[in-house]
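Welcome, and thanks for taking a look at this one with us. Below is a short briefing to read alongside the model, starting with one side chain and then widening the view.

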Amino acid sequence: MSKQTEKIKALVEKRELARLGGGQKAIDKQHERGKYTARERIEMLVDKGSFEEYDMFKLHRCHNFGMEKKQYLGDGVVAGSATINGRLVYLYAQDFTVNGGSLSETMAQKICKVMDMAMTNGAPVICMNDSGGARIQEGISALAGYGEIFERNILASGVIPQISSILGPCAGGAVYSPALTDFIIMKEQTSYMFLTGPKVVKTVTGEDIDAEHLGGASVHASKSGVTSFTAKTEEEAMDLIKKLLSYIPSNNREEAPRVECTDPIDRKEDLLNEIIPDDPNQAYDMYKVIQAVTDNGEFFEVQPKFAKNIITGFARFNGQSVGIVANQPSAYAGVLDVNASRKGARFVRFCDAFNIPIVSLVDVPGFLPGTGQEYNAVILHGAQLLYAYGEATVPKITITLRKSYGGSHIVMGCKQLRSDLNFAWPSAEIAVMGASGAVAVLCGREAKEVKEQGGDVKQFLAEKEEEYSEKFANPYQAAQFGYIDDVIEPRNTRFRICRGLAQLAHKKQDLPAKKHGCMPM
Ligand code: HXC
């Protein structure tokens, strides 16, 4: 065997060793925990044979607490580039088989390298988290490593899409890297995210709680809104990432990939002419409207279990990716509150940063009143949504289906927030408030007089409400002032959106020069 051949053989062996991570025993244990290894996860996600690994031979440099004996090629993260459906991505997967995936200085360097490459080459970065957090034996060097990653998350925000999948533990300050990314996917049952674990919680607050109830996928999907998606299996998590990528561009200079559309853009949906109930207090399902107007009825929902009174997600019109924001009358009457505002604002900002037009479907009775909301700063969070809409310069099309009252009318993509096309259905009610509220304010004194004179107060109020509704509970006052560009037949909604998007394809709008705004938070 020539020297060259020997060296090549040694390389192949070294690679094989590196691919074993923390060794077969640790891999078996990982499988017993119901989890895949870092490399298995990458293989599941990327196009076959496309993964190119970097820093496979990198080693940590720690000598504390016997760490010299815990040396594995590549240390606790697998990092590199690959393609997903032919598109370049950079990715890293923490390897729990190596020292619990705990983050060393060396691992942070590997992660930062792929993040830098992603920025240079304008490609999304995807991380797969499964780690015990900062490597305790390395002390401040591990913490500094997190700092380096966080800074890159911040600089990459709005430049390249960043997606985090949480497939195991993610605790302490480590949660901030995923939190700084655009989307989080949590695997049910085997993953959790929290700043302090159950033991510390018990010591500090006396609260008895397990990891799942403190920071499991279901908690973050429905209560905190930290995660954008949950997945029952790791396979499902990878499929969600692929689907998400199909709707978004690779960077903020590109458009989202366009797909061929076989669904006629002038498809009329008679169902929509019937969907609004006669009773203004009766709900209907906004998902049916979304399904009726989008290409092939497809909708990829973001945060489906959180703040169900507002719906956010991606769809396509004539093959073009758009972000849909819609009030949901069948969840708390579609009212806006703290969580709905946060959810909507975050989504609108993502779409705007990545050149994805926003289509808003409005049926909103107002903001939820009360101390519960006021004490939790509904003013600031409502303003957040308002700010996001007002700042967005992507094409914006707003369709008002029914109620659009008061502050919530302004917030949900009104004309004055530089919305491009505002259409209303004939059932739209664009006013300061609903009829009963308005009459209670305007006619209180008169109602008292009617009562004193022995008249029928109920009938009096009903007549006044009728009068108010006739004057204000319609789209024509807004149309009269040009705040609504057209009143449209509901079944034509898909066509009007498709034509609107085509018209706005080359929209160019700027914001005043500034370092950055001070968004209310
Ligand atoms: C070094 C660690 C480690 C860590 C786990 N390991 N976490 N090594 N630093 N942070 C090692 C274990 O010693 C063990 O090594 C191997 O990984 C597997 O861990 P196990 O405990 O056997 O696994 P399991 O029972 O599944 O428990 C997993 C775990 C637990 C829940 C993650 O290991 C744990 O509680 N780890 C500590 C978590 C933590 O408090 N981290 C600090 C968070 S604060 P051997 O050699 O025995 O196989 C933080 C600050 C970040 O991260 C700040 C950023 C600003």
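Let's begin at Arg-496, which is buried with a relative accessible area of 19%, a value that falls under the 20% cut-off for burial. Please keep in mind that this is a predicted model. From Arg-496 and its salt bridge, the points below move on to other charged pairs, a buried leucine, the annotated domains and the chain as a whole.

**Arg-496 and its partner**

- Arg-496 meets the side chain of Asp-486 in a salt bridge, at 3.0 Å from N to O.
- Asp-486 belongs to strand 17 (residues 486–487) and Arg-496 to helix 21, so this pair ties together parts that are 10 residues apart in sequence.
- Whereas Arg-496 is buried, Asp-486 counts as partly exposed, at 28% relative accessibility.

**A salt-bridge network**

- Salt bridges with shared partners join Asp-263, Arg-267, Glu-269, Asp-295 and Arg-494 into one network.
- Within this network, the side chains of Glu-269 and Arg-267 meet in a salt bridge of 2.8 Å, N to O.
- Arg-267 is buried, with a relative accessible area of 18%, while Glu-269 counts as partly exposed at 21%.
- Why does Arg-267 count as buried while Glu-269 counts as partly exposed? The cut-off for burial is under 20% relative accessible area, so Arg-267 at 18% meets it, and Glu-269 at 21% does not.

**Salt bridges elsewhere**

- Searching the whole structure gives 24 salt bridges.
- One of these pairs Arg-152 with Asp-116, whose closest N and O atoms are 2.8 Å apart.
- That pair links distant parts of the chain, with Arg-152 in helix 5 (residues 140–156) and Asp-116 in helix 4 (residues 105–121), 36 residues apart.
- Both partners are partly exposed: Arg-152 has a relative accessible area of 21%, and Asp-116 has one of 34%.

**Leu-504 and its surroundings**

- Leu-504 sits in the segment after helix 21 (493–503).
- Is Leu-504 buried or exposed? Leu-504 is buried, with a relative accessible area of 9%.
- Leaving aside residues up to four places away in sequence, Leu-504 touches Pro-395, Lys-396, Ile-397, Asp-420 and Leu-421.
- Gly-413 is 91 residues from Leu-504 in sequence, and their C-alpha atoms are 16 Å apart in space.

**Annotated domains**

- An unreviewed UniProt entry lists "domain: CoA carboxyltransferase N-terminal" at residues 1–260.
- Residues 1–260 are 42% helix and 17% strand, and the end C-alpha atoms of this span lie 55 Å apart.
- UniProt, again in an unreviewed entry, places "domain: CoA carboxyltransferase C-terminal" at residues 264–515.
- For residues 264–515, helix makes up 40% and strand 18%, with 44 Å between the end C-alpha atoms.

**The chain as a whole**

- The chain has 21 helices and 17 strands, and its C-alpha trace spans about 105 × 55 × 45 Å along the principal axes.
- Of its 521 residues, 51% count as buried.
- Taking contacts between residues at least 6 apart in sequence, 73% join residues at least 24 apart.
- About 24,400 Å² of the chain is exposed, and carbon and sulfur atoms supply 54% of that area.
- There are 60 positive and 64 negative side chains, and the centres of the two sets lie 6 Å apart.

Conventions: Residues numbered from 1 in each chain as written. Predicted model: local features only at pLDDT ≥ 70, side-chain atom pairs only at ≥ 80, totals over all residues. Heavy atoms only, no water. Helix = DSSP H or I, 4+ residues; strand = E, 2+ residues; numbered from the N terminus. Buried < 20%, exposed > 50% of the residue type's maximum accessible area, 1.4 Å probe, protein only. Contact = heavy atoms within 4.5 Å. Areas by Shrake-Rupley, 256 points an atom, 1.4 Å probe, with all protein chains shown as cover. Lys, Arg positive; Asp, Glu negative; His and termini not counted. Charge placed at Lys NZ, Arg CZ, Asp CG, Glu CD. UniProt positions renumbered as here; feature names shortened; annotations may be inferred. Salt bridge = Lys/Arg side-chain N within 4 Å of Asp/Glu carboxyl O.
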